[in-house]
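Here are my notes on this one, written as I went through it. Have the model open while you read, and take the points in order.

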Amino acid sequence: MSYLFCNHLRNFSFACLIIAITSTSLSARIFTNTKGKSIDAKIVSVENNKVVLKLLKNKKEYTLDVDSLSEKDQAYIGEWDKSNKTVAESNNDEEQETTSNDSDTPRRSVYGELAYSALKKKYEIKDNFDKEWPNMASAETPDITIVLEDGAKKKYVYQSNNYEFICDVKLSKNVVNKFAHLFEATKEFCQAMPISMVKAHIPKGGKRYKILLFESQQSYFKNGGPIGSAGVYMSRDDIIMVPLTSLGVIKHGSGYRYDYKGANNTLPHEITHQLTNLEYFSPGSMGWFTEGLAEYVAMTDYRSGKFMIRSNIRDIKDAVTGFSKKTNRGRNIGEEFTAPDLKEFMTMSYSNFTANGNFNYGLGALITFYFLQLEDDRTNINAFLKALNEGEKRDDSLEKLLGGRTFSELEEDIAKAWKSKGVEITFK
Ligand SMILES: [Zn+2]
């Protein structure tokens with residue numbers, strides 16, 4: 001396996017690059033199954049919705065279905081699984097190539113012809129770095145086409161302007177329309193941001209992004225959805241996989257309906273990953289920026305086809321420091337906290353980044369927001385992103401982000417800017 005993906009654990013999103021699995025010994029824990037029986041054990045490995053547990057009293061190993069354990073245990077196993085995956089990336093199935101953010105080698109070559117410049121050339125896309133930051137992004141109600149409804153094969157295919165949804169149950173056009181609207185609006189958001197996300201600029205008809213939808217969490221996990229996650233982006237196949245429950249689609253009688261209060265606000269995070277330049281997942285940006293950007297989009301208020309970007313500082317501050325009143329989700333890291341040394345944070349390996357996912361995603365969102373909207377202008381972030389697109393090395397790209405400052409000076413600037421907004425960051 002070798003995908004870039006990002007998943008949502010409960011309400012929080014964590015991302016990983018898969019992944020050679022190394023089992024590190026973790027402290028033991030009491031696991032309880034759904035029938036209430038408890039054992040003292042530690043995890044040996046997790047794969048395909050099965051967990052191998054080693055019992056403390058007799059040192060024997062047992063393989064169990066993850067579903068047979070309590071919800072708390074399932075969440076714990078999901079966390080364990082995530083933090084025990086090491087960063088690996090590959091351009092083909094046979095060979096795995098380990099890359100880490102510590103290396104300064106850009107990732108462009110991994111993606112060959114899918115890279116920034118090739119896409120720009122193929123679809124005649126121009127950079128949009130000089131555009132204004134948008135106040136709002138919206139999409140019209142999409143037209144839905146039914147491409148296939150094959151009950152025998154349990155395959156149902158629906159299309160909106162830029163997306164193709166492949167589902168294992170039949171959905172009404174009206175239901176598809178509701179969640180397709182969120183996908184289309186997120187694409188508009190990614191296109192409107194002046195950070196040259198070329199994949200969001202592919203003209204209509206040029207490409208439909210594939211989304212695999214699963215009726216149940218079980219079928220989602222069976223088909224490779226990471227345990228404990230509510231959605232995932234896999235870069236190798238350029239697909240998002242998601243169970244219907246994460247889209248706010250719930251069973252209703254013999255069919256399905258869209259629940260407006262459903263948990264669909266996690267989805268824009270994955271959609272943003274799918275539209276992010278592959279070069280932006282390079283050493284120096286992978287982690288703080290890629291996750292920060294996905295959080296930036298996902299934390300912005302969305303209502304029936306519209307993202308309200310102009311006022312999103314409040315949404316983002318609330319969702320990072322506490323729980324957003326609007327979305328009832330958040331990272332809750334507080335309004336006053338100590339952060340790691342900034343250079344360390346920006347160059348840490350991706351596995352370390354996700355190991356402390358909740359905090360790091362929150363801090364990543366604040367720092368990304370700083371560069372996008374709190375600096376006097378976007379000269380530094382633009383130069384940084386251009387350097388990534390050109391395939392420059394990590395330290396050369398970061399040099400552009402610093403814009404002549406040292407890392408400690410940049411720490412001061414970030415802390416000062418956020419302090420004026422009511423968040424006190426103390427860098428180590
Ligand atoms: Zn992510």
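1. Which residue in S17 is the bridge partner of Val 249? That would be Tyr 258. Keep in mind throughout that this is a predicted model.

2. The strands behind that pairing are S16, residues 249-252, and S17; they run antiparallel and are joined by four bridges. Two residues sit between the strands of this hairpin, and Gly 253 has a positive phi there, near 65°.

3. Stay with S17 for a moment, since its two faces are worth a look. Tyr 256 and Tyr 258 make up the covered face of this strand, which spans residues 255-258. Gly 255 and Arg 257 are on the uncovered face. So Tyr 258 turns up twice: on the covered face of S17, and as the bridge partner of Val 249.

4. Next, the three-stranded sheet. This one is open, ordered S9-S19-S18, and its pairing is antiparallel. S9 (136-138) and S18 (302-303) are the edge strands; each has a single partner strand, so one side of each is left without a neighbour in the sheet. As a reminder, strands of a sheet pair through backbone hydrogen bonds, either parallel or antiparallel.

5. Within that sheet, three bridges link S9 to S19 (residues 306-308), in the antiparallel sense. If you want one pair to click on, take Ser 138, whose bridge partner in S19 is Lys 306.

6. Is Lys 207 buried, exposed or partly exposed? It counts as partly exposed, because it has 16 C-beta neighbours inside 10 Å. Lys 207 belongs to the loop between helix H3 (173-192) and strand S13 (209-214). Have a look at Asn 162 as well: Lys 207 and Asn 162 are 45 residues apart in sequence, yet their C-alpha atoms are 6.7 Å apart in space.

7. Last, a helix pair. The axes of H11 (residues 379-389) and H12 (residues 394-402) come within 7 Å and cross at roughly 165°. Angles over 145 degrees count as roughly antiparallel, so that is what H11 is with respect to H12. The crossing is right-handed.

8. Who makes the contact between these two helices? H11 supplies Asn 380, Ile 381, Ala 383, Phe 384, Ala 387 and Leu 388, while H12 supplies Asp 396, Ser 397, Lys 400 and Leu 401. By type, the contact residues of H11 with H12 are six nonpolar, two polar and two charged.

Methods: Residues are numbered from 1 along each chain as its sequence is written. This is a predicted model: local features need pLDDT of at least 70, side-chain atom pairs count only at pLDDT 80 or more; totals for chains, interfaces and linings use all residues. A residue is buried if 20 or more other C-beta atoms lie within 10 Å of its own, exposed if 12 or fewer, and partly exposed in between; C-beta atoms are placed from the backbone. Two strands pair if DSSP finds at least two bridges between them. Axes are lines fitted to C-alpha atoms, for helices over the stretch in contact, and angles run from 0 to 180 degrees between N-to-C directions. Angles under 35 degrees count as roughly parallel, over 145 as roughly antiparallel, 65 to 115 as roughly perpendicular and the rest as oblique. A crossing is left-handed if the near helix is turned anticlockwise from the far one by less than a right angle, and right-handed if clockwise. Two residues are in contact if their C-beta atoms, placed from the backbone, lie within 7 Å. Ala, Val, Leu, Ile, Met, Phe, Trp, Tyr, Cys and Pro count as nonpolar, Asp, Glu, Lys and Arg as charged, and the others, Gly among them, as polar.
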